[in-house]
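Colleague: Could you walk me through this model, one feature after another? I would like to learn how to read each of them.

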Amino acid sequence: MNQMRDKILARHKEILRSLDSMIAAVIADPEGSHRLQLIGFLRHRLLAHIRGEKQDLYAVVDRPLAGPCMNSTATMSGDHRFLEQQVSRIDEALTTVGLECPRAPERQANRAELARLIIELNAILRLHFQKEELVYMTMLGCHTADQIEAEMLPRMQRVFGENG
């Protein structure tokens, strides 16, 4: 179980480190080229990661607790929906900021909105990762750890784009 947990924790740290760097660059210069890097990262790395978790990790986590009225991953899936919607909002805000605004107050309002959206995304993502690490990693450890890791490790390697 430690190998899978270590891979997930490392991926979370890498995503947050990359995101922090891009956020700082975009907030410092919202009209610069960093905004394209940020939206590419959000679309192709972050969303791919959360979709992979939902498909592969959550399916395994939910199985031991499944029942007719039980969905142990429902709140985490709700986080995913919020994150996906927030990426769309940030994409729209980045487009707006990238357009020439002739009036300084409007330009400042657009920048402030972009900063707010990015800060919200960062906070929710950090909370989401913390919940996964505290709750799901513990749950996985309680249920036939070797069997789950044997099933999950190849799935997570596929999600993370690793070959082994």
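**Reading a helical model**

Modeller: Let us begin with one side chain: H49 is buried, with a relative accessible area of just 3%. Please keep in mind that this is a predicted model.

Colleague: Where does H49 lie, and what does H49 touch?

Modeller: H49 is part of helix α2, which covers residues 34-62. Leaving out residues up to four places away in sequence, H49 touches R11, H12, I15, F129, V159 and F160. With one of these neighbours there is also a polar contact: the side chains of H49 and H12 are joined at 3.4 Å.

Colleague: Before we look at other residues, how many helices and how many strands does the protein have?

Modeller: There are five helices and zero strands. Read from the N terminus, the order of elements is α-α-α-α-α.

Colleague: What share of the residues counts as buried, and what about the surface?

Modeller: Of the 164 residues, 43% count as buried. The accessible surface comes to about 8,700 Å², and 54% of that belongs to carbon and sulfur atoms.

Colleague: How should I read contacts in terms of sequence separation?

Modeller: Take the contacts between residues at least 6 apart in sequence: 81% of them join residues at least 24 apart. For a distance between two points on the chain, consider A24 and A115, which are 91 residues apart along the chain and have C-alpha atoms separated by 9.9 Å. A24 belongs to helix α1 and is partly exposed, at 49% relative accessible area.

Colleague: Now the interior. What is the general idea behind a nonpolar core?

Modeller: In soluble globular proteins, nonpolar side chains tend to be buried together. Here the largest nonpolar core has 25 residues, and L38, L42 and I90 have the most contacts inside it.

Colleague: Which helices supply at least two residues of this core?

Modeller: Helices α1 (2-28), α2, α3 and α4 (104-142) each do. The largest share, seven residues, comes from α2.

Colleague: Which residues is L38 in contact with, leaving aside its neighbours within four places in sequence?

Modeller: L38 is in contact with L19, M22, V26, I90, L94 and I118. Apart from the core just described lies another one, of eleven residues, with M4, Y58, M76 and M156 among them.

Colleague: Is Q86 buried or exposed?

Modeller: Q86 is buried, with a relative accessible area of 1%. That residue lies in helix α3 (residues 74-98).

Colleague: What does the side chain of Q86 reach?

Modeller: The side chain of Q86 reaches the backbone oxygen of L117 at 3.1 Å. Beyond residues up to four places away in sequence, Q86 touches L117, E120 and L121.

Colleague: Let us turn to charged pairs. How many salt bridges does a search of the whole structure find?

Modeller: The search finds eight. One way to read a salt bridge is to ask where its two partners sit. R45 pairs with E14, and their closest N and O atoms are 2.6 Å apart.

Colleague: Why does the pair of R45 and E14 tie together parts that are 31 residues apart in sequence?

Modeller: Because R45 lies in helix α2 and E14 in helix α1, the pair links parts that are 31 residues apart in sequence. R45 itself is partly exposed, with a relative accessible area of 32%.

Colleague: And which salt bridge joins R116 to E113, in terms of atoms and helix?

Modeller: The closest N and O atoms of R116 and E113 are 2.6 Å apart. Both residues lie in helix α4, three residues apart, about one turn of the helix. R116 has 36% relative accessibility and counts as partly exposed, and E113, at 33%, is partly exposed too.

Colleague: What distance separates the closest N and O atoms of E120 and R116?

Modeller: For the salt bridge of E120 with R116 the distance is 2.4 Å. E120 and R116 are four residues apart in helix α4, so about one helical turn separates them. At 28% relative accessibility, E120 counts as partly exposed.

Colleague: Which residues are joined into one network by salt bridges that share partners?

Modeller: R11, E14 and R45 are joined in this way. You have met R11 already, as one of the residues that H49 touches.

Methods:
Residues numbered from 1 in each chain as written. Predicted model: local features only at pLDDT ≥ 70, side-chain atom pairs only at ≥ 80, totals over all residues. Heavy atoms only, no water. Buried < 20%, exposed > 50% of the residue type's maximum accessible area, 1.4 Å probe, protein only. Polar contact = N/O pair within 3.5 Å; in protein donor to acceptor, adjacent residues only side chain to side chain. Contact = heavy atoms within 4.5 Å. Core = buried A, V, L, I, M, F, W, Y, C linked by side-chain atoms within 4.5 Å. Areas by Shrake-Rupley, 256 points an atom, 1.4 Å probe, with all protein chains shown as cover. Salt bridge = Lys/Arg side-chain N within 4 Å of Asp/Glu carboxyl O.
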